[in-house]
Amino acid sequence: MQQSSNNYTSSGSGHDLEFSTTIDGSVQQNVPLPPPPQTNNVLSGMINNTPTASSYSPSSSSPSPSGYTPSSSLPTALQFSHSAHPTACLFHILFKTLAFLLYNLGSKMGMEDIMVTVLCIVLLAADFWVVKNITGRLLVGLRWWNKVDPVSGNTSWIFESATPKSPDVKSDTNSFDSKFFWSILYLTPVLWGFSFFTAMLWLQFQCFVTLACALVLSASNVYGYYKCSSDQREKWNQWMNRGAQMGVGAMMRN
């Protein structure tokens, strides 16, 4: 224990005090320290084996976040990894899928028939506008539209195709985008036609308005882009000629 002594003197006036302090360090206090608390052996082993932040060094074999490549379970045709316009591909199929799912599942989810019809027509109209004005121009470089003469009132239909930048190249469009566009474009009226045939068999007259709109709008886009693309006209003629030859050959064999 340290001892200190304080001495003070007062001045003659009784108001000013002068203090002096001295510390005596000769006396030592000999008090034993308490033993450290005992911890459980398992707990102490876990504490000792826990790596500290300063000693941590990432292993070279662990994959870095930047090099991580997640695997997708989607089909290759829906990953859009080879597409030059993935957003256009998405919207090319988005409204079609929503309209088809709503037509088949709307009544099962408790929606009224009139509500299903209205929503389907809205989605079909949105799909018709997107395919006619956006996805066809971006994915295959084609566009079709009509022009009304303000004087005579006659309507003229215009079918346009993009000119390749190089004369040696037949088309500048991406092969994936072209296959995806034409496959979905041709498949859409086939699905709606099958649904129309099924509705006729089951006498579901409340669905005829929706199916008629779907068939007219999807078939209009097919006809418009067929008129725009000379390549598609050549393929269609080849298919027709091949089918005619197969039919004639079958008749001759019989």
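## Helix 4 against helix 6

Helix 4 and helix 6 are roughly parallel to each other, because an angle under 35 degrees counts as such and their axes cross at roughly 5 degrees, coming within 9 Å. The model described here is a predicted one.

On the side of helix 4, the residues that meet helix 6 are Thr117, Cys120, Ile121, Leu124, Ala125, Phe128, Val131, Lys132, Asn133, Gly136 and Arg137, and their partners in helix 6 are Val209, Thr210, Cys213, Ala214, Leu217, Ser220, Asn221 and Tyr225. By class, the contact of helix 4 with helix 6 comprises eleven nonpolar, six polar and two charged residues.

## Helix 4 against helix 5

The axes of helix 4 and helix 5 cross at roughly 155 degrees and come within 11 Å. An angle over 145 degrees counts as roughly antiparallel, and helix 4 and helix 5 are therefore placed in that class. The crossing of helix 4 and helix 5 is left-handed.

In this pairing, helix 4 contributes Leu124, Val131, Thr135, Gly136 and Leu139, which meet Asp177, Ser178, Phe181, Leu185 and Trp192 of helix 5. The residues of the contact of helix 4 with helix 5 are six nonpolar, three polar and one charged.

## Helix 3 against helix 5

Helix 5 also packs with helix 3, at an angle of about 15 degrees and with the two axes 10 Å apart, and helix 3 and helix 5 are therefore roughly parallel to each other. The crossing of helix 3 and helix 5 is left-handed.

From helix 3 the contact draws on Cys89, His92, Ile93, Lys96, Ala99, Phe100 and Tyr103, while from helix 5 it draws on Phe176, Asp177, Phe180, Phe181, Ile184, Leu185, Thr188, Leu191, Trp192, Ser195 and Ala199. Sorted by class, the residues of the contact of helix 3 with helix 5 are 13 nonpolar, three polar and two charged.

## The cavity

The structure holds one cavity of 30 Å³ or more, and about 90 Å³ of space lies in the largest cavity. Helix 4, helix 5 and helix 6, the last of which spans 208-228, each supply at least two residues of the lining of the largest cavity.

The residues that line the largest cavity are Lys96, Leu124, Asp127, Phe128, Leu185, Thr188, Pro189, Trp192, Ala214, Leu217, Ser218 and Asn221, and they divide into seven nonpolar, three polar and two charged. Several of these lining residues recur in the helix contacts: Leu124 of helix 4 meets helix 5 as well as helix 6, Leu185 and Trp192 of helix 5 take part in the contact with helix 4 and in the contact with helix 3, and Lys96 of helix 3 belongs to the contact with helix 5.

## The second largest pocket

About 380 Å³ of space lies in the second largest pocket. The lining of the second largest pocket is made up of 18 residues, among which Tyr103, Asn104, Ser107, Gln204 and Cys207 lie nearest the centre of the pocket; Tyr103 is also one of the helix 3 residues in the contact with helix 5.

At least two residues of the lining of the second largest pocket come from each of helix 3 (86-105), helix 4 (113-139) and helix 5 (175-201), and helix 5 gives the most, with five residues. By class, the lining of the second largest pocket has eight nonpolar, eight polar and two charged residues.

Technical notes:
Residues are numbered from 1 along each chain as its sequence is written. This is a predicted model: local features need pLDDT of at least 70, side-chain atom pairs count only at pLDDT 80 or more; totals for chains, interfaces and linings use all residues. Side-chain values use heavy atoms; hydrogens and water are left out. On a 1 Å grid over the protein atoms alone, a cavity is a set of points where a 1.4 Å probe fits but cannot get out, and a pocket is an open set with protein on both sides within 12 Å along at least five of seven lines; lining residues have an atom within 4 Å of a point. Grid points are joined across faces, edges and corners, and a volume is the space filled by probe spheres set on the points. Helices (H or I, at least four residues) and strands (E, at least two) are DSSP runs, numbered from the N terminus. Ala, Val, Leu, Ile, Met, Phe, Trp, Tyr, Cys and Pro count as nonpolar, Asp, Glu, Lys and Arg as charged, and the others, Gly among them, as polar. Axes are lines fitted to C-alpha atoms, for helices over the stretch in contact, and angles run from 0 to 180 degrees between N-to-C directions. Angles under 35 degrees count as roughly parallel, over 145 as roughly antiparallel, 65 to 115 as roughly perpendicular and the rest as oblique. A crossing is left-handed if the near helix is turned anticlockwise from the far one by less than a right angle, and right-handed if clockwise. Contact means heavy atoms within 4.5 Å.
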